Amino acid sequence: MSQENADVMIEVIDLHKYFKEVHVLKGVSTQITRGEVVAVMGPSGGGKSTFLRCMNRLEEPSSGQIIVEGIDITSPYVDINKVRTEIGMVFQLFNLFPHLTAIENVKLAPMHVRKMSNKNATERGMALLEKVGLGNKANNYPDQLSGGQQQRVAIARALAMQPQIMFFDEPTSALDPEMIGEVLEVMEMMAEEGMTMVVVSHEMGFIREAADRVLMLADGLIVEEGSPQDIFNNPKQQRTQDFLGKIL
Amino acid sequence: MCFPKVLPCLETPFVIDPIMSVQTAQPPPPSRFVRARPGWLYVIRRYEFIVLTLVLLVGYAAFLLPTADTPPALRLISIGGFILLVLAWCVNILADGEKPDWLKGLVALGFIATLGWLFYRYSGTKWDRLSKSFFNFQKMRGAWPELLKGLLVTLELSAVSAVFAIIIGLVVAVLRSLGNRTLNIFLIAYLDIFRSIPMIVLMVVIYYALPYVGISLKSVTAAIVALSVGYGAYAAEAFRSGIESVHYGQTEAARALGLTRFQTMRLVILPQAIRVVIPPLTGVLISMLKDTAVASVVAAPELLKRAREVYVGKANPTALVMAAMIYLVILFPLARFSNLLETRLKGRLRRR
């Protein structure tokens with residue numbers, strides 16, 4: 001059993017994941033403390049997304065422990081829906097609900113999971129849409145919004161559950177270049193407000209600005225970790241150097 | 001004389017003199033896009049050719065089509081050959097992108113008219129007897145109320161069965177989306193078995209055979225059970241295709257927000273699936289409405305059964321034509337409506 005430590009939000013211990021015979025995660029261990037912004041980088045197919053998705057069990061881990069606030073969420077006794085309400089997730093392809101307007105997207109989960117009244121949920125939803133700069137788009141359907149706007153609604157939707165931690169799975173890689181900035185701005189704002197965040201991304205500028213720690217995930221292992229300055233300026237591992245050489 | 005500057009690579013070996021320039025003034029070599037000789041398509045699509053063949057076809061119609069003393073074997077060959085030639089002639093014009101639209105419309109009308117004329121001339125129909133037995137509305141006095149009573153039963157049958165078929169289809173499709181292998185074997189067995197049994201067989205079995213296992217159903221109830229179970233299988237397929245058309249990212253996003261599986265299905269998947277489902281589902285329900293006529297074999301007093309009673313009672317089959325007209329009046333707008341719905345919903349599907 002892990003050390004009870006109020007500052008550790010998520011502790012991952014020896015996480016393995018197989019897809020059929022393919023060994024995607026080969027024993028990942030790390031700790032994420034409250035208020036920390038962790039960037040996950042690494043080559044394609046290295047297991048970044050799988051790592052993120054295992055932490056809220058969108059993928060079932062094959063073995064290992066994921067301890068959230070002192071409780072192993074891989075245990076069958078855990079109500080995973082309760083855990084997920086504390087973990088906000090933002091997807092590469094936004095995954096907004098196309099049959100609902102922006103505000104309906106944002107208030108759906110608070111109303112049906114938190115059993116909030118329509119009025120309260122609408123109020124909170126509007127406040128969040130204002131925060132991401134889309135107060136005037138509340139009644140638009142997702143197909144009437146640009147990619148950047150859709151992703152900001154998706155962030156507001158995740159925030160509406162008042163999660164303790166936010167996961168971002170390549171939030172800007174499906175966006176046109178001119179829309180990346182607006183999404184990163186919102187994310188930087190959240191980081192400044194002290195939100196705990198795990199971000200799979202290759203946005204060097206954002207990582208340098210906002211991240212406290214970078215994990216280099218390659219071939220299912222954390223090959224190197226450290227502050228953005230350390231990783232970008234003097235990477236120690238050959239794998240990290242190769243990877244950075246390719247994306248810079 | 002002033003000559004244009006020649007490409008540098010050609011400059012050295014060639015000496016350009018007036019004689020050479022006369023030779024280059026000859027027509028350029030034929031492009032590879034131009035046919036050496038006009039092809040057969042070019043020939044058969046010329047207006048001269050089309051008019052000539054039309055004259056030949058009219059000649060065929062005048063002299064080669066069978067008369068009263070043509071032997072029967074030759075009659076078939078002669079008429080069949082004529083239809084094939086007319087068809088070829090029409091397709092030749094209809095398939096030509098350069099012919100004007102009004103001409104094509106005329107040709108299409110002409111083809112239908114030709115078929116009608118051939119039928120009128122050679123079918124051997126006795127028109128007076130036909131109208132006396134099938135369109136004898138004087139004899140049908142008092143038949144309409146009888147038929148409308150039948151129509152009421154037909155509508156009741158289809159409404160009740162539609163509700164049950166939709167419920168069965170929805171439940172089966174949702175259960176199937178859970179993805180349990182063992183359960184799916186049973187569900188697929190249900191779908192495949194009931195989609196393979198003809199409705200008339202299903203109804204007869206339910207009505208005449210089930211009493212032997214202790215389940216006696218009235219004829220209307222038996223018809224409802226057969227229609228619901230049989231068309232529930234089709235409805236389930238429609239719902240399944242709708243549910244599968246929703247991107248899996250939707251499920252993930254909903255689950256990541258903490259919604260349960262059931263909430264995800266109810267709030268996220270089904271509202272999106274329904275737009276995909278409605279056109280095929282309308283089609284299924286229209287087929288079901290038509291198949292209510294089968295219930296007459298188990299003596300349910302629906303439209304066709306009533307029509308047959310009138311037929312027997314008045315010894316005239318005009319009642320059947322009247323029933324056909326009622327089915328047409330009910331189903332024709334429905335079929336149009338489902339087409340309209342499909343076009344309308346396709347526009348809305350953009351939202352995804």
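In this tour, a residue counts as buried when its relative accessible area is under 20%, and as exposed when that area is over 50%. The structure on display is a predicted model.

**Stop 1: strand S3 of chain A**

Select residues 37-41 of chain A, which form strand S3. Five of its five residues are buried, and the strand is mostly covered. Display the side chains: A:Val37, A:Ala39 and A:Met41 point one way, A:Val38 and A:Val40 point the other way, and all are buried. In a regular strand the side chains alternate between the two faces of the sheet.

Next, add the partners of S3(A). Strand S8 (residues 196-200) of chain A runs parallel to S3(A) and is joined to it by four bridges. Here A:Val37 stands opposite A:Met197. Strand S9 (residues 213-218) of chain A is likewise parallel to S3(A), again with four bridges. In this pairing, A:Leu215 of S9(A) is the residue opposite A:Val40.

**Stop 2: an open sheet and its helix**

Remain in chain A and select the open sheet of four strands, whose order is S2-S1-S4-S5 and whose pairing is antiparallel. Its edges are strand S2 (22-33) and strand S5 (71-72), each of which pairs on one side only. Between S1 (residues 8-19) and S4 (residues 63-68), five bridges form an antiparallel pairing. For a specific pair, pick A:Glu11, whose bridge partner in S4(A) is A:Ile67. Then show helix H1 (residues 48-55) of chain A, which packs on this sheet and touches S1, S2 and S4. The direction of H1(A) makes about 120 degrees with that of S1(A).

**Stop 3: an exposed residue**

Select A:Glu209 in helix H7 (residues 204-210) of chain A. Is this residue buried or exposed? A:Glu209 has a relative accessible area of 64% and is therefore exposed, since the cut-off for that class is over 50%. Draw a distance from its C-alpha atom to that of A:Ala191: the separation is 9.8 Å, for two residues 18 apart along the chain.

**Stop 4: a cavity lined by both chains**

The whole structure holds two cavities of 30 Å³ or more. The second largest contains about 30 Å³ of space. To frame the second largest cavity, select A:Arg84, A:Thr85, A:Ile87, A:Gly88, A:Met89, A:Ala158, A:Met161, B:Ala256 and B:Leu257, which line it. Helix H2 (80-85) and strand S6 (87-90) of chain A each supply at least two of the lining residues. S6(A) gives the largest share, three residues.

**Stop 5: chain B and helix H10**

Move to chain B, which has 15 helices and zero strands. Of its 352 residues, 34% count as buried. Among contacts in chain B between residues at least 6 apart in sequence, 71% join residues at least 24 apart.

Select helix H10 (residues 199-209) and display B:Met199, B:Leu202, B:Met203 and B:Ile206, which are buried. These residues lie on the same side of H10(B), because they cover an arc of only 95 degrees around the axis. They pack against helix H9 (181-196), helix H11 (219-245) and helix H13 (261-291) of chain B.

**Stop 6: the largest pocket**

Finish at the largest pocket, with a volume of about 560 Å³. Of the 22 residues that line this pocket, the closest to its centre are B:Ser177, B:Thr251, B:Arg261, B:Met265 and B:Ile269. Colour H8 (143-177), H11, H12 (248-256) and H13 of chain B, each of which supplies at least two lining residues. Which helix gives the largest share of the lining? H13(B) does, with five residues.

Technical notes. Residues numbered from 1 in each chain as written. Chains lettered and ligands numbered in written order. Predicted model: local features only at pLDDT ≥ 70, side-chain atom pairs only at ≥ 80, totals over all residues. Heavy atoms only, no water. Pairing = 2+ DSSP bridges. Contact = heavy atoms within 4.5 Å. Axes fitted to C-alpha atoms, helices over the stretch in contact; angles between N-to-C directions. Buried < 20%, exposed > 50% of the residue type's maximum accessible area, 1.4 Å probe, protein only. Arc of directions from axis to C-beta. 1 Å grid on protein atoms, 1.4 Å probe; cavity = no way out; pocket = protein on both sides within 12 Å on 5 of 7 lines; lining within 4 Å. Points joined across faces, edges and corners; volume = space filled by probe spheres on them.
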